[in-house]
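Thanks, everyone. Please have the viewer open, and I'll walk you through one structure.

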Amino acid sequence: MSRVVGLWALVGLVAGCGGGGTFVTLSIDRIGGGADVASIDLALDLDGKPASTTLREPGGGPISFPTSATLSIGKGQGTLTVTAIARDAAGTELARDTASTKVSAGATSRLALSLRDGTTPADDLDRKSVV
């Protein structure tokens, strides 16, 4: 699953015209197993400008991991914090993760999230963003 999410529309930022743009590519993996993930809620905050969206498979089936999504930031820049919450078909939370990255105008940043339930221990994944 790979998709583009227009963050700019959600937070009211104005998208740039022409080529280029400001984007954040999310890589989302799941640590551990368990029930199928039907959706991933994304809570986004770009320097105090909150937004949210939900990722689902187009056909309605379970999400396969690893997966990715691209956020279009428009002309926004600053620190983007993303909280991803995996949910089953009934809406029950299965796992979550939060990470941040610096967003620079006209560039693409990368952010990795590792969804883990409350019983899976955190490891020392390197969450450095790549701009």
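I'll go through the core, a hairpin, the salt bridges, a buried acid and a cis peptide.

One caution up front. This is a predicted model. Keep that in mind throughout.

Let's start with the core. How many residues does the largest nonpolar core have? It has 25. The ones with the most contacts inside it are Val-24, Leu-26, Ile-40, Leu-42, Leu-80 and Val-82. Which elements give it two or more residues? They are strand S2, residues 23-31, then S3, S4, S5, S6, S7 and strand S8, residues 108-116.

Click on Leu-42. Leaving out residues up to four places away in sequence, Leu-42 touches eight side by side on your screen list: Leu-26, Ala-51, Ser-52, Thr-53, Leu-55, Val-82, Thr-83 and Ala-84. Two of these names will come back, so keep the selection up.

Next, the hairpin. S3 and S4 pair in the antiparallel sense, over seven bridges. Ala-43 has Ser-52 in S4 as its bridge partner. Ser-52 is also one of the contacts of Leu-42. Now the turn. Two residues lie between the strands of this hairpin. Asp-47 is found in that loop, between S3 and S4. What is notable about its backbone? Phi of Asp-47 is positive, near 45°, in a residue other than glycine. Asp-47 counts as partly exposed, because its relative accessibility is 48% and the cut-off for exposed is over 50%.

On to charges. Side chains of opposite charge can pair when their charged atoms come close. How many salt bridges does the structure hold? Two.

Take Arg-87 with Asp-41. The closest N and O atoms of this pair are 2.5 Å apart. Arg-87 lies in strand S6, residues 78-87, and Asp-41 in strand S3, residues 39-46, so the salt bridge ties together parts that are 46 residues apart in sequence. Arg-87 is partly exposed, at 21% relative accessibility. The cut-off for buried is under 20%, so Arg-87 falls outside that class.

Now the other pair. Arg-96 and Glu-93 meet through their side chains, at 2.8 Å, N to O. Arg-96 is partly exposed, with a relative accessible area of 39%. Glu-93 is partly exposed too, at 36%.

Stay in this region for another acid. Asp-97 sits in strand S7, residues 93-103. Buried or exposed? Buried, because its relative accessibility is 9%. What does its side chain reach? It reaches the backbone nitrogen of Ser-114, at 2.8 Å.

Last stop, the cis peptide. Which residues does it join? Phe-65 and Pro-66, with omega about 0°. Pro-66 is in the loop between S4 and S5. Phe-65 is found in that loop as well, between strand S4, residues 49-55, and strand S5, residues 67-72.

Look at the Phe-65 side of the bond. Phe-65 counts as partly exposed, at 24% relative accessibility. Which residues does Phe-65 touch, not counting those up to four places away in sequence? Ile-28, Asp-29, Arg-30, Val-37, Ile-40 and Leu-115. Ile-40 is also among the core residues with the most contacts. One more distance here. Phe-65 and Ile-31 are 34 residues apart in sequence, and their C-alpha atoms are 9.5 Å apart in space.

That's the tour. Questions, please.

Key
Residues are numbered from 1 along each chain as its sequence is written. This is a predicted model: local features need pLDDT of at least 70, side-chain atom pairs count only at pLDDT 80 or more; totals for chains, interfaces and linings use all residues. Side-chain values use heavy atoms; hydrogens and water are left out. Helices (H or I, at least four residues) and strands (E, at least two) are DSSP runs, numbered from the N terminus. Buried means under 20% relative accessible area, exposed over 50%, partly exposed in between (1.4 Å probe, protein chains only). A polar contact is a pair of N or O atoms within 3.5 Å; within protein, one must be able to donate a hydrogen and the other to accept it, and residues adjacent in sequence count only if both atoms are side-chain atoms. A salt bridge is a side-chain nitrogen of Lys or Arg within 4 Å of a carboxyl oxygen of Asp or Glu. Contact means heavy atoms within 4.5 Å. Two strands pair if DSSP finds at least two bridges between them. A nonpolar core is a set of buried Ala, Val, Leu, Ile, Met, Phe, Trp, Tyr and Cys residues joined through side-chain atoms within 4.5 Å.
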